[in-house]
Amino acid sequence: MPTAEIQFLNSENKKDRRYHHEDTIHDIQFNWYGDMMATCSSDHKVKIWEKLESGTWTVVKEIMAHYSPVWRVTWAHPDYGTILATCSMDHRATIWRMMNDDKTNWVKKELTDSSTPVTDVKFAPRTWSDMMTGSPDQLRLAACSEDKVRLYTVQVNSELNDTYCDCTSENIIDYSDEPGKISCLSWNSSSRFTNLVLAVGVLGGKGGSRVDLYNFSENSLSDRSPKKWSKIVSIPLTSKLHHVAFRPNNGARDNILAVATEAELVVFKICSEEMAEEVVPEREPVLRPKEDHSQPIKHLSWDMFGRQIIALFASGVVKSYSWKFQPRRQWTASELVSNMDLTNITYH
C-alpha cells in the first residue's frame with residue numbers, strides 16, 4: 001500500500017522530518033498555540049503530533065478514528081480544553097478530548113445523525129460559541145453532510161465519552177430540496193463590529209457551484225422569537241468550487257472570504273452594515289483564470305494576521321499571495337514549495 005508522509009520544511013534533522021500515514025493525507029491543522037498538530041488520512045487514522053523543545057515533531061498518539069477515509073480535522077479554542085473534531089466518509093463526525101493533560105489518553109463522542117458522508121467540521125470561534133449558547137461552558141461545532149448543516153452544542157465541563165455526554169444537535173440548514181451538495185464550511189472570526197456569518201460551499205446543481213452566506217440573528221425583539229439562521233446572499237461561481245476560508249478578522253469592520261475554484265482564486269468583501277439585507281459582495285480577483293498556473297487550487301489557508309493567503313495547487317506547488325498597495329493595488333505571489341505531493345497546507 002502506498003504511504004503518505006509529513007515533511008517539515010524548517011527541520012534541520014533529516015532523521016526526524018518524515019512520518020508516515022498509510023494513504024493520502026487529507027488535512028493538517030495546528031492547535032491554537034502551534035505546539036501540537038493533527039493529521040488525518042484515507043488510512044482511517046488521526047495522528048496527534050507534539051513539537052519538542054529541540055524544534056522537531058513527534059507522534060504522541062495514533063488513533064484509528066473512523067471506518068472510512070477521514071476528510072477533516074479541527075481544533076477547538078484552548079479555553080474549552082484540548083478538544084478536536086474529525087469527519088469521515090463513514091457518515092460520522094467525532095469529537096475527541098484529551099484527558100488529564102495526558103497526550104496519549106483521548107476519549108471520543110461519535111455523532112451519528114448523518115445518513116451521508118460528513119464532508120467538513122468546524123468549531124465556532126470562542127466569542128460566537130458564547131453568543132449562540134449564552135454559556136461560557138458550551139462549545140459549538142458545525143458539521144456538514146451532502147444535504148444538511150448541523151450545529152452541535154457540547155457541554156465541555158462534562159465527561160466526554162460514549163456513555164455520557166451532554167451533546168445536542170440541531171439542523172440549522174437543510175438542502176434536501178435544493179440543487180447541489182454541501183462540500184465545505186467556514187466561520188467568520190469574531191469582532192465587535194461584525195455579525196456572525198457561516199459560509200457554506202455547495203457543489204453542482206443546476207446553477208453550478210456557489211457559496212451561500214448565512215447570518216445568525218439573536219432574539220433581540222422578543223424573548224419568544226427564536227434565534228435563527230437566515231441566508232443573506234448566494235454567491236454564484238463560474239467553475240467548480242474547491243475551498244473557502246474567511247480571513248482572520250483582527251477588529252476589521254468587514255468580512256473577507258477567499259474562494260478557490262477550478263479556474264481562479266477570488267476574495268469577496270462582505271460589508272457588515274449590509275448584513276440585514278441581501279447584497280452582492282464586492283468581488284476581487286487574486287488569481288485570474290489560467291494566470292500564473294495550469295492547475296487548480298485545492299486548499300486555502302490565511303496567516304494569523306489576515307495578510308497572506310497560502311494556496312496549495314493540485315500540482316503540489318504552494319504559493320503565498322500578499323496584498324500590496326504600492327506601486328498599485330494588487331496581490332503579489334511568491335512560491336513557497338515546488339512540486340511536492342501534497343493534499344493540504346496549513347499556516348501557523
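A pocket, as I use the word here, is an open set of grid points with protein on both sides within 12 Å along at least five of seven lines, and its lining residues have an atom within 4 Å of a point.

Entry 1, the model. I am working from a predicted model.

Entry 2, the largest pocket. I looked up its volume, which is about 1300 Å³. The lining consists of 41 residues, and Gln 29, Trp 32, Ser 189, Phe 246 and Pro 248 lie nearest the centre. I then noted the elements that give two or more residues to this lining; among them are helix H1 (126–133), strand E3 (25–30), strand E15 (181–187) and strand E19 (241–246). By class, I have 19 nonpolar, 16 polar and six charged residues in the lining of the largest pocket.

Entry 3, cavities. I found two cavities of 30 Å³ or more in the structure.

Entry 4, the largest cavity. Its volume is about 50 Å³. I listed the lining as Ala 93, Leu 111, Ser 114, Val 118, Ala 143, Cys 144, Ser 145, Arg 150 and Tyr 152. Which strand supplies the largest share of this lining? I found that E12 does, with three residues. Strand E12 (138–145) and strand E13 (148–155) each supply at least two. I sorted the lining of the largest cavity into six nonpolar, two polar and one charged residue.

Entry 5, the second largest cavity. I noted about 30 Å³ of space here. Its lining is made of Asn 188, Ser 189, Phe 246, Arg 247, Pro 248, Asn 249, Asp 254, Asn 255 and Ile 256. Three of these lining residues are nonpolar, four polar and two charged. I see that Ser 189, Phe 246 and Pro 248 line this cavity and also lie among the residues nearest the centre of the largest pocket.

Note on methods: Residues numbered from 1 in each chain as written. Predicted model: local features only at pLDDT ≥ 70, side-chain atom pairs only at ≥ 80, totals over all residues. Heavy atoms only, no water. 1 Å grid on protein atoms, 1.4 Å probe; cavity = no way out; pocket = protein on both sides within 12 Å on 5 of 7 lines; lining within 4 Å. Points joined across faces, edges and corners; volume = space filled by probe spheres on them. Helix = DSSP H or I, 4+ residues; strand = E, 2+ residues; numbered from the N terminus. Nonpolar A, V, L, I, M, F, W, Y, C, P; charged D, E, K, R; others polar.
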